[in-house]
Amino acid sequence: MNFSVLQLNKGVLLVNANRSRLLTQVSLFVLGVLAVAPVVRAQHPGEAPVSDKETMQLLLKRISLLESQVKKVDQLEARVRELEAAKSHIAPAEITAVPAQPSVASETESESAGERTMSERMDVSKTLLRIRGFGDTTLHGDTQKGDNTAFTLGQLDLFVTSDISEKFKFLSEIVFEGGPDNIYGITRGTNNAFGVDVERFLVQYSYNDYLNVEAGRWHTAIGYYNTAFHHSTWFQTTTDRPFLFDFEDRGGILPVHTVGVSASGLIPSGRLGLHYVAEVGNGRASRSPITQEPVQNVVDDQAHKAFNLAIFARPDAIRGLQVGFSAYRDLLVPANSPKIGETILAAHAVFVRPQFEWLNEALVVRHSVFGTSQVFNTPGFYTQISKQFRSYRPYFRYQYVNSSDKEPVFPDVRLRQGPSVGLRYDASESVALKLQYDYTVLRGQPAINALALQVGFTF
Amino acid sequence: MPRWVGLLFILISAGFLAGAFSFAADLTPGVPPEPPTASEQTLAIVVNLSNPTENLSMAELHKIFLGERSHWPNGRRITLVMMAPGQPERLAILSLIYRMNENDFNNHFLRGLFTGEVFVSPKTLATPVGVRKFIFNVPGAIGYLRSSDVDSSVKIVRIDERSPYEKAYPLHVPPPSAK
């Protein structure tokens, strides 16, 4: 329907004005007639003169004319009501499409632009796709034998969202990164060659605050870091992720990505602010050694599914505090080896405000080999603290992970622990410069001193 | 070449880059909330006329404005309306509700969208008329206006059981003449 709201409003005003003018005229005329009639009767109690009869007929004609005009006004009013009713039926469609502005923190528009946005969103052929980018470049050097100081292009992360409807939303992270990959100590791919990974790829359905459902590929809700920083180094304070939460293709020990279905939301708990996340998915690939994609995007190497349940609290009383735990369970079936039961228990307590950050996480990865009494527990933790002073944010992190030399899934990890200190400088709202020193103690090997200078940005 | 040469190179590069960026403008620190003065106006929290919500606590308002609540009790999705950066009303909201500066505010919503915790970022409009029109048209919308800018097209929500016309109402904004 092409009838615009503006036209409708003008029509209503015009009709109302005409109608009130006509009614005023009619009212004045009738009052005049009533006022004059008794006088006429008093002066001429008998038969009225011919001239008066003509006057009366003339007046009656005018009354009938005015009545017909009033009838037309009534018809117009009825038509306006019809159009208003039609407009109210259109409104929900407009409203459904209006609120989405996802890819930027906020969007400024003039009022006319806002109206244009509404009409654009009526057009279902438009995708409403929004893209935000993140990237980084690092100069890195260390004392490990065989390593050279080098400039390194980090991940180029395209964060793509689309508001499908009021309840549905699409979200993805498309990452371009250089090789080679490092999967449990085994390199894969070509040096310096860029590849593309779809790191997140999911459709979200938001029923209410208590139930949100996602399907696709996401970051597993193990602990805090994995779902807080994703693939953007610009968001994180440090130049790199804690070793515990490294990505699968960077030597990480956790199933950081999952393909499947997830439900999350609030738990009615008043000021305690409890939340839940329940996930079921393919889990990680369990062939050993893994020479292909460690995330089972398309096929699962066994029928068993991985489950993860996370509960965390954000109490109203202490803004910025989040405390929670998660339990992950999967079954790995390495080729030519017994099955391995995998349980990952994680707990975290973080306190994050714009000017202050204190992250604490601990977890244990438990691998039990079927048919034997062998159980391998790999504990790990990290603590990270930072404080912003204007544009500068000094930080400190200590991390630890200790796995058995005979660990069946990631035998290369062993013991790694040590501190990191650094300084982040926000050169602008979108560019951060970071300098970080790491000292890492390894079991049976010399400790590593490393220095990294990184420029992280969003665009 | 000794390894320390590489480390020294990184340190020198860091110093050079820090110097190059030193001319960049510093980020504005957060604005601390100040007590209202006699000349200040109240800032009304307004919603669509069809919204059944009559009252919100400051804690609820905080969660709604942070994007931590995405739905009204009637199931309608919440759409937050902010006025354009620099407007006194927006500065008041940033100070009184968010306790953030512009940069922190932008980062908060960008991070929320990135993590998926915030379903929709705020809608920003330039004028009180624009805010009124938007809220009038969008059933789930919530925004703020000076009390003098409120008309019958939107509905005022009480905050902690107080209307903007009562004493001890918590949200205030400097008068327009102070722009």
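Strands, labelled E and at least two residues long, are DSSP runs that are numbered from the N terminus. I kept in mind throughout that this is a predicted model.

**Entry one: a tyrosine in a strand**

I looked up Tyr437(A) and found that this residue belongs to strand E19 of chain A, which covers residues 431–442. Buried or exposed, or something in between, I asked of Tyr437(A)? Its relative accessible area is 32%, and because buried would require under 20% and exposed over 50%, I noted Tyr437(A) as partly exposed.

I then listed the contacts of Tyr437(A) beyond its neighbours within four places in sequence, and these are Pro419(A), Ser420(A), Val421(A), Asn449(A), Ala450(A) and Leu451(A). With Asn449(A) there is also a polar contact, side chain to side chain, at 2.4 Å. For Leu451(A) I wrote down a separation of 14 residues in sequence and of 4.6 Å in space, taken from C-alpha to C-alpha.

**Entry two: paired strands in chain A**

I followed strand E4 (residues 156–163) into strand E5 (residues 168–178), and found that a hairpin of 4 residues joins E4(A) to E5(A). The two run antiparallel and are joined by 8 bridges, and Asp163(A) stands opposite Lys169(A) in E5(A). E5(A) is also joined by 11 bridges to strand E8 (residues 194–208), again in an antiparallel arrangement, where I found Glu177(A) opposite Gly195(A).

**Entry three: two helices in chain B**

I turned to helices H2 (residues 58–66) and H3 (residues 88–98) of chain B, whose axes come within 10 Å and cross at roughly 120°, which means that H2(B) is oblique to H3(B). Among the residues making this contact are Phe65(B) of H2(B) and Ile93(B) of H3(B), and the contact residues divide into 8 nonpolar, 1 polar and no charged.

Note on methods:
Residues are numbered from 1 along each chain as its sequence is written. Chains are lettered from A and ligands numbered from 1 in the order in which they are written. This is a predicted model: local features need pLDDT of at least 70, side-chain atom pairs count only at pLDDT 80 or more; totals for chains, interfaces and linings use all residues. Side-chain values use heavy atoms; hydrogens and water are left out. Buried means under 20% relative accessible area, exposed over 50%, partly exposed in between (1.4 Å probe, protein chains only). Contact means heavy atoms within 4.5 Å. A polar contact is a pair of N or O atoms within 3.5 Å; within protein, one must be able to donate a hydrogen and the other to accept it, and residues adjacent in sequence count only if both atoms are side-chain atoms. Axes are lines fitted to C-alpha atoms, for helices over the stretch in contact, and angles run from 0 to 180 degrees between N-to-C directions. Angles under 35 degrees count as roughly parallel, over 145 as roughly antiparallel, 65 to 115 as roughly perpendicular and the rest as oblique. Ala, Val, Leu, Ile, Met, Phe, Trp, Tyr, Cys and Pro count as nonpolar, Asp, Glu, Lys and Arg as charged, and the others, Gly among them, as polar. Two strands pair if DSSP finds at least two bridges between them.
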